[in-house]
Amino acid sequence: MNRAEREAAVRQIMERTAPHVPTDLHADVVRRGTRILRRHTLALRLLWLLLFAATVAFVVWAAVAEPWVEPPSQTTPPLTDW
């Protein structure tokens, strides 16, 4: 297929009339879109809530466990030079 034939094929496709859309399709699409948007919003809120809960749990654990403090020694140093 050479360039002229391709251009003619494209012109034919572009000159066709658009197919007719069913009248009730718009209402169905709006309803589905609203439902998808609601689910997406709910999922985002749940993820933010989970992130907040994890942050609070980490802060509470860090405040109680104090991982930055060196643990106490388990043995006493030897006593010399008395």
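Select Trp-61 to begin: in this predicted model, its relative accessibility is 47%, so the residue counts as partly exposed. The class follows because partly exposed covers values between the 20% limit for buried and the 50% limit for exposed.

Next, add Phe-58 to the selection. Its relative accessible area is 53%, which places Phe-58 in the exposed class. Both Phe-58 and Trp-61 belong to helix H2, where three residues, about one turn of the helix, separate them. How many aromatic pairs does a search of the whole structure find? The search returns one. Phe-58 and Trp-61 form that pair, with ring centres 5.8 Å apart and planes at 35 degrees, a tilted arrangement.

Now display helix H2 in full, residues 25–65, and locate Phe-52 within it. Is Phe-52 buried or exposed? Phe-52 is exposed, at 56% relative accessible area. From Phe-52, extend the selection to Leu-42, Leu-46, Leu-49, Val-56, Val-60 and Val-64; together with Phe-52, these residues make a nonpolar surface patch of about 720 Å².

Finally, zoom out to the whole chain. The secondary structure consists of two helices, with zero strands. Along the principal axes, the C-alpha atoms occupy a box of roughly 105 × 40 × 10 Å. The radius of gyration is 35 Å, whereas a compact globule of 82 residues would have a value near 12 Å. Colouring by accessibility completes the view: 1% of the 82 residues count as buried. The protein exposes about 8600 Å² in total, of which carbon and sulfur atoms supply 66%.

Key:
Residues are numbered from 1 along each chain as its sequence is written. This is a predicted model: local features need pLDDT of at least 70, side-chain atom pairs count only at pLDDT 80 or more; totals for chains, interfaces and linings use all residues. Side-chain values use heavy atoms; hydrogens and water are left out. Patches are made of residues with over 30% relative accessible area and no salt bridge: like charges are joined within 9 Å, nonpolar side chains (Val, Leu, Ile, Met, Phe, Trp, Tyr) within 5 Å. Accessible areas come from the Shrake-Rupley method with a 1.4 Å probe; for residues, only the protein chains shown count as cover. A salt bridge is a side-chain nitrogen of Lys or Arg within 4 Å of a carboxyl oxygen of Asp or Glu. Helices (H or I, at least four residues) and strands (E, at least two) are DSSP runs, numbered from the N terminus. Buried means under 20% relative accessible area, exposed over 50%, partly exposed in between (1.4 Å probe, protein chains only). Rings of Phe, Tyr and Trp (its six-membered ring) pair if their centres lie within 6.5 Å; planes under 30 degrees apart count as stacked, over 60 as edge-to-face and the rest as tilted. The radius of gyration is taken over C-alpha atoms; the globule rule is 2.2 Å times the number of residues to the power 0.38.
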